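These are my notebook entries on a single protein chain. I set out to look up its helix packing and its charged side-chain pairs.

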Amino acid sequence: MIADTVKVPLGKVNDTAARIKRRPATKRTAAILLIITSVLMLFPFIWTALSVTKPTDVAFANPPVLTGYTPTIQPFVDLWETTYFSDYLINTVVVAVISTVVALVLGIPAAYALSRFPGYVSAILLLLALIFRSLPRFSVVLPMYEISKSLGIYDTTFALAAALVAINQPFSIWLLRNFFAEIPKELDEAAMIDGCTRLSTLRRVMIPLMKPGILTAGIFVFLFAFQEYLTALVLTDTSSKTVPVFITTQLGQTLPMLQQAGAASMLLTLPVIAIAFVAQKYLIAGLSDGSVKG
């Protein structure tokens, strides 16, 4: 038997071969660019880590000293022993947890309603939420300052948590709404045929299916609140001061205090990095699936 011969134009063969040859070069270029970008982004963090583990006279030497010194953790010890950093850290965590829980409790039913009852009202509400989220922070924080003063709750974790809920609520509603929109409405209809109300459908059917989306929204809201500076600066003074505000008070002071600010920034950043690594698949899902569908 004579095998059939398939004739392929020579030009197509050459084009395919050229594309195959270009692929490794393209991947190498992309890898190099990613490495350079990562190094540039990590450089301030690495420099801070080096500075806070050097003796004070070495940390601020000019030119910088990179070798020949004994690493120390004295700035971290001084941070805990000579400042109220532990109180500020507790305030930061408490405010982040409260604002995250309240944002989810309010955002889940709101997002469910907006995903199941589309229309002009839903579109207007979503647009208003987006506009509110896009406003300059000062235009939102300054009225909150006046309200907290008039209500007598200025410089409390409650006031700061409430403000962060208001600021981050539009984002959580948008994100949760898009996750809800991916769940087929037939599940709601089946649950209501079995006797469930809208509220019981949300509680028994939707929330269990939405656990990844809820976790994603919760992580984002927690990180936003944990690192918030401007709102905390305006709405706190001494009793409810958070770590980001404390760090700024150490800047421009003595060199040991500057090292303490670096140590505090390290302790503030490390939990964020840990959360990002542990929950990276949920964060990626929130940036890709939930934020573009619906």
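Before reading any helix pair, I fixed the meaning of the angle: axes are lines fitted to C-alpha atoms, for helices over the stretch in contact, and angles run from 0 to 180 degrees between N-to-C directions. I also noted that this is a predicted model.

**Entry 1. Overall make-up**

I looked up the secondary structure and found 14 helices and zero strands in the protein chain. Read along the sequence, the pattern is accordingly α-α-α-α-α-α-α-α-α-α-α-α-α-α. I then looked up burial: of the 294 residues in the protein chain, 35% are buried. For contacts with a separation of 6 or more, I found that 77% are between residues 24 or more positions apart.

**Entry 2. Helices α8 and α9**

I took up α8, residues 186-193, and α9, residues 198-209. Their axes come within 10 Å and cross at roughly 130°. Angles of 65 to 115 degrees count as roughly perpendicular and those over 145 as roughly antiparallel; α8 and α9 are therefore oblique to each other. I recorded the crossing of α8 and α9 as right-handed.

I next listed the residues that meet. On the α8 side they are L187, D188, A191 and M192, and on the α9 side R198, T201, V205, M206 and L209. By class, the residues of the contact of α8 with α9 are six nonpolar, one polar and two charged.

**Entry 3. Salt bridges**

Which side chains of opposite charge pair here? I found three salt bridges in the structure.

One of them joins the side chains of D188 and R116, at 3.1 Å from N to O. This pair links distant parts of the chain, since D188 lies in helix α8 and R116 in helix α4, 72 residues apart. Is D188 buried or exposed? With a relative accessible area of 2%, D188 is buried. R116 is also buried, and its relative accessible area is 7%.

D188 appears again in a salt bridge with R198, at 3.5 Å from N to O. Here R198 is in helix α9 and D188 in helix α8, ten residues apart. I found R198 to be partly exposed, with a relative accessible area of 33%. I therefore entered R116, D188 and R198 as linked in a network of salt bridges, with the buried D188 meeting both R116 and R198.

Another salt bridge joins the side chains of R137 and E228, at 2.9 Å from N to O. R137 is in helix α6, residues 137-151, whereas E228 is in the loop between α10 and α11, and the two are 91 residues apart. R137 is partly exposed, with a relative accessible area of 26%. E228 is buried, with a relative accessible area of 13%.

**Entry 4. Helices α4 and α10**

I returned to α4, residues 85-116, and looked up its packing with α10, residues 211-227. The axes of α4 and α10 come within 8 Å and cross at roughly 140°. α4 and α10 are therefore oblique to each other. The crossing of α4 and α10 is right-handed.

The contact takes in T92, V93, A96, V97, S99, T100, A103, L104 and I108 of α4, together with I214, A217, G218, V221, F222, A225 and F226 of α10. How many of the residues in the contact of α4 with α10 are charged? I found no charged residues there, with twelve nonpolar and four polar.

**Entry 5. Helices α3 and α13**

I last looked up α3, residues 74-82, against α13, residues 255-278. Their axes come within 8 Å and cross at roughly 90°. This angle makes α3 roughly perpendicular to α13.

From α3 the contact takes P75, F76, D78, L79, W80 and T82, and from α13 it takes Q259, Q260, A263, A264, M266 and L267. I classed the contact of α3 with α13 as eight nonpolar, three polar and one charged.

**Entry 6. Summary of the pairs**

I closed with the orientations: α8 with α9 is oblique, α4 with α10 is oblique, and α3 with α13 is roughly perpendicular.

Note on methods:
Residues numbered from 1 in each chain as written. Predicted model: local features only at pLDDT ≥ 70, side-chain atom pairs only at ≥ 80, totals over all residues. Heavy atoms only, no water. Helix = DSSP H or I, 4+ residues; strand = E, 2+ residues; numbered from the N terminus. Parallel < 35°, antiparallel > 145°, perpendicular 65-115°, else oblique. Left-handed = near helix turned anticlockwise from the far one by under 90°. Contact = heavy atoms within 4.5 Å. Nonpolar A, V, L, I, M, F, W, Y, C, P; charged D, E, K, R; others polar. Salt bridge = Lys/Arg side-chain N within 4 Å of Asp/Glu carboxyl O. Buried < 20%, exposed > 50% of the residue type's maximum accessible area, 1.4 Å probe, protein only.
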